[in-house]
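The exercises below are to be worked with the sequence and the model in view. Each task is followed by a solution in steps.

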Amino acid sequence: MFNKQLIQQFLQIKTPCYYYDTGLLLKTLFAIKSAASLYNFQLHYAIKANANSKILKSISEEGFGADCVSGNEIILALNTGFHPNRIVFAGVGKTDDEILLAIEKNIFCINAESLQELEVINHLASGLNKKVRIALRINPDIDAHTHQHITTGLHDNKFGLSWCDVEYFMQHKEDYQNLIVDGVHFHIGSQITRMQVFSDLCYVVNQVLDDLAKNKMYIQHINMGGGLGINYAEPESQIPDFQTYFDIFHQKMKIKTGQIVHFEPGRAIVGQSGALITRVLYVKENGDRKTIIVDAGFTELLRPALYQAKHKIVNLTNENNYMLYDIAGPVCETSDYFGKSILLPETTRGDLLAIYSTGAYGEVMASQYNLRQPAEKYFSEDFHEKHAEILNNS
């Protein structure tokens, strides 16, 4: 991702900053589109992974739909080129205003997560004299074997309808005259790396579809959510194995003629295309530990503090005399660390470090805690253009 020419240009800009490899993003989009098209699977990019407008425009231009979890995400999706009939709206706590926005913008589908939400959507749609397509988000009670904070498909998670709720809805579906319920939605977690988990999900989905069919509920749209993980330890294996991922659903799911399967990838599309560039402020010794203090903090990358996530970190400006370091940010919180006992070349004040795999849940989760200045965003073509400008002026 980084060559000497690019590193020299990094040395001239203010840090911390986000860097995006547009070429890698486009290659990843091509790879997932190619793999999904073999089975006519429909793709909706999960905007929560990265809401940078330039990235969104690149994704919408490739024909993707959008998966939104707030009214503002719907507005941004529309403003960056996503067609309303390719937008789905999920979220366990949609406000009335957000639901009205979704209805008025004629988006493709609202994924409903509770009986009370179904009642609210039906009432609001009735007031607008509209019928609204709904997918029932069903909690399948499956362990995704990922971090507890990003598991969403267990019975004690806040997401989705229980099967008892679904049975109640089927018994009273005539009470929801303004809803077109022809879809189901499942999402069991994020950063899933055990492919067996998706096989388990397919088994449950097949049971659900059979039970719904027995109750004369025709399901046309089956939304399997997202969750495919990326390789944080070895980001050089840049593009996830989309082929194996989609093959599992093709082989394990019992899809009837006319049924369409939808997916909501986020991290798997954008994660590896981004890096956080940060400058070393100080190197200090705390007892027997060497600690690097950098100018980026959890205000620029929250995942390590929030999920104890591990990202590959490299020194871009030195490559000799490796030793172990803890790497900490400047934020006034003890949890503001990017890693501990990280093997790096001997590091000094002014060195540049790159934290890989920050294209997902980096910029989008940033804050201004401690009144920190928002980090700048750069794309690979920005530096190509700058280099050409230097050559032309020399």
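**Exercise 1.** Locate Thr95 and state whether Thr95 is buried, partly exposed or exposed.

*Solution.* Step 1: Thr95 sits in the loop that links strand S4 (87-89) to helix H5 (96-104). Helices (H or I, at least four residues) and strands (E, at least two) are DSSP runs numbered from the N terminus. Residue numbers start from 1 along each chain as its sequence is written, and the model is a predicted one, in which local features need pLDDT of at least 70, side-chain atom pairs count only at pLDDT 80 or more, and totals for chains, interfaces and linings use all residues. Side-chain values use heavy atoms, with hydrogens and water left out.
Step 2: the relative accessible area of Thr95 is 39%, so Thr95 is partly exposed; buried means under 20%, exposed over 50%, and partly exposed in between (1.4 Å probe, protein chains only).
Step 3: Ser70 lies 25 residues from Thr95 along the chain, and their C-alpha atoms are 8.8 Å apart.

**Exercise 2.** Describe the barrel: which strands close it, and in what order?

*Solution.* Step 1: the barrel has eight strands, in the order S2-S3-S4-S5-S6-S7-S8-S9, with parallel pairing. Two strands pair if DSSP finds at least two bridges between them.
Step 2: on average, neighbouring strands of this sheet are turned by 30 degrees against each other, direction ignored. Axes here are lines fitted to C-alpha atoms, for helices over the stretch in contact, and angles run from 0 to 180 degrees between N-to-C directions.
Step 3: take one pair as an example. Three bridges join S5 (residues 109-112) to S6 (residues 132-137) in the parallel sense, and Ala112 has Leu136 in S6 as its bridge partner.

**Exercise 3.** Find the cavities of 30 Å³ or more and say what lines them.

*Solution.* Step 1: there are two such cavities. On a 1 Å grid over the protein atoms alone, a cavity is a set of points where a 1.4 Å probe fits but cannot get out, while a pocket is an open set with protein on both sides within 12 Å along at least five of seven lines; lining residues have an atom within 4 Å of a point. Grid points are joined across faces, edges and corners, and a volume is the space filled by probe spheres set on the points.
Step 2: the largest cavity holds about 50 Å³. Its lining includes Val88, Cys109, His221 and His262. S5 and S8 (221-223) are the elements that give two or more residues to this lining, and S8 has the largest share, three residues.
Step 3: the second largest cavity has a volume of about 30 Å³. Among its lining residues are Ile32, Leu228 and Pro265, and helix H9 (residues 242-252) gives the largest share, three residues.
Step 4: by class, the largest cavity is lined by six nonpolar, four polar and no charged residues; the second largest has seven nonpolar, no polar and no charged. Ala, Val, Leu, Ile, Met, Phe, Trp, Tyr, Cys and Pro count as nonpolar, Asp, Glu, Lys and Arg as charged, and the others, Gly among them, as polar.

**Exercise 4.** Which strands does S11 pair with, and in which sense?

*Solution.* Step 1: S11 (residues 289-294) pairs with S10 (residues 274-286) in the antiparallel sense over six bridges. Asn286 is bridged to Arg289.
Step 2: two residues lie between the strands of this hairpin, and Gly287 takes a positive phi near 65 degrees.
Step 3: S11 also runs parallel to S13 (residues 323-328), joined by three bridges. Here Ile292 has Ile327 as its bridge partner.
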